[in-house]
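Biologist: I have the sequence and the fold open. Can you walk me through some strands and a few residues?

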Amino acid sequence: MTMTTKRRVLGLAATAAVAAAFALPAAAQPIPVGHLMDNSGATSDVGVPYGQGVADALTWVNQARNGINGRRLNVLGFDYGYQAPRAVSQYQAWVNRERVVAIQGWGTADTEALVRFVTRDRIPYISGSYSAALTDAAGKSGRQGVEAAPFNFFYGPSYSDALRAMLQWAKQDWERRGQQGRPRYVHMGANHPYPNSPKEAGEALARELGFEVLPAIQFALTPGDYTAQCLTLKNQGANYAYLGNTAGSNISVLRACHTAGVQVQFLGNVWGMDENAMKAAGAAANGVVFPVRTAVVWGQDAPGMQTVRQISRISDPQGQAYRPVHYLAGVCSAMLMVEAMETAAQNGGQITGPRIRDGFYARQNWVPRGFEGVCAPVTFTAEDHRGTMRVALYRAVVTGDTSQGSVAELMSNGTMRIEPVTTIELERRRDWLGW
């Protein structure tokens with residue numbers, strides 16, 4: 001057989017294989033799902049563990065559950081480096097070429113830029129952005145700049161609601177410690193859609209609760225020298241400061257403020273503090289209060305932790321890795337999408353975007369099966385995508401030198417720990433929808 005003939009035979013075989021794949025009945029074809037990740041950009045410090053949780057969970061679903069109703073998930077991962085234009089371009093490719101039926105997304109700027117697209121194309125988009133603007137499913141809030149987002153979901157309280165809960169705790173903390181006068185509150189973060197998302201909501205509630213609201217302090221999403229910001233914080237006499245950025249740049253602020261002797265209670269957003277940041281910041285991280293989305297953290301016991309540990313072995317076969325809070329949240333986010341897809345597939349139903357969306361409405365106080373005690377309950381309705389108004393607050397506790405030993409060792413020996421502070425049950429106020 002000549003080389004030319006061999007090429008023709010191989011070409012015919014490849015064509016036949018492709019034809020055979022397309023000839024598969026719809027019930028047997030893989031289900032295309034997009035997975036947008038930040039593994040290399042400004043938020044990769046938290047994007048990597050969260051994205052790994054999503055990826056491991058979806059791989060586990062294929063291996064342990066044979067996909068969705070016998071159909072395997074074809075997960076299309078893409079690292080967009082936290083650049084919104086790249087996310088929009090990749091979205092177009094996924095929808096037009098791969099025909100994805102759902103997407104696990106990431107950042108605020110890109111998620112908000114895609115709202116109209118996913119609404120038009122009817123593609124459920126489960127993001128790592130918890131912007132309150134994404135919660136107004138029916139577009140009834142009447143807020144300027146907030147449009148209907150019927151296909152946008154996320155796991156956990158919105159940035160705004162998490163900040164509201166921390167402010168309620170801060171007011172209680174101020175009074176419990178017998179402090180006099182009005183407590184002073186300041187918002188800190190980059191001039192960017194993500195840290196800005198809860199800014200006005202937080203400042204409005206702070207005023208409502210009797211805080212004196214100080215001028216916001218800006219610092220970039222990337223690590224740097226933020227001594228000037230800390231001196232401003234000190235001179236303002238702030239009592240409570242919200243850190244709106246991810247852990248990477250927050251670490252720089254915490255270190256600089258620790259060196260400058262700033263006495264303030266820092267409130268971290270959900271991406272603003274984790275076990276890796278505690279190790280990196282050391283004593284400077286001690287005392288930071290921040291929201292945790294899951295009902296437990298790594299190392300704690302719950303019925304669903306056995307399942308999570310199985311999932312963790314997808315990328316850590318030896319079972320040695322310590323998984324930070326963001327990994328667990330990624331797992332829960334992925335499993336909500338999976339169960340919504342399973343609902344869509346019931347009784348021979350097609351797994352389409354609208355049916356997956358409706359799957360998010362099929363349960364109340366929803367915890368994915370097998371994840372009891374790990375994933376906190378959520379409820380979505382066709383008008384209100386605030387999955388939960390219950391905010392669990394934890395405190396980072398650092399009692400010694402974190403430069404020696406791994407995160408797992410430091411958590412195990414008690415040098416670092418994440419301890420519960422309180423749980424705030426927020427009122428589902430109508431005027432807070434979309435804000």
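Biologist: Which residue in E3 stands opposite Val-33?

Modeller: This is a predicted model. Strands E1 and E3 run parallel, joined by three bridges. Strand E3 covers residues 102–104. The residue opposite Val-33 is Ala-102.

Biologist: What is the strand order of the open sheet of five strands?

Modeller: The pairing in this open sheet is parallel. Its edge strands are E2 (73–79) and E5 (152–154), each pairing on one side only. The twist averages 25 degrees from one strand to the next. The order is E2-E1-E3-E4-E5.

Biologist: At about what angle does helix H13 run to E3?

Modeller: Helix H13 spans residues 325–345. It lies across E1, E2, E3 and E4. Helix H3 (residues 84–98) also lies across E1, E2 and E3, at about 155 degrees to E2. For H13 against E3, the angle is about 170 degrees.

Biologist: Is His-35 buried or exposed?

Modeller: His-35 lies in strand E1, residues 31–37. It touches residues including Gly-51, Val-75, Phe-78, Trp-94 and Gln-104. Its relative accessible area is 3%, and the cut-off is under 20%, so His-35 is buried.

Biologist: What distance separates the C-alpha atoms of Val-391 and Thr-423?

Modeller: Val-391 lies in strand E12, residues 390–398. It counts as buried, at 0% relative accessibility. Among the residues it touches are Pro-157, Pro-291 and Thr-423. Val-391 and Thr-423 are 32 residues apart along the chain, and their C-alpha atoms are separated by 5.5 Å.

Methods
Residues numbered from 1 in each chain as written. Predicted model: local features only at pLDDT ≥ 70, side-chain atom pairs only at ≥ 80, totals over all residues. Heavy atoms only, no water. Helix = DSSP H or I, 4+ residues; strand = E, 2+ residues; numbered from the N terminus. Buried < 20%, exposed > 50% of the residue type's maximum accessible area, 1.4 Å probe, protein only. Contact = heavy atoms within 4.5 Å. Pairing = 2+ DSSP bridges. Axes fitted to C-alpha atoms, helices over the stretch in contact; angles between N-to-C directions. Lists of a residue's contacts leave out its neighbours within four places in sequence.
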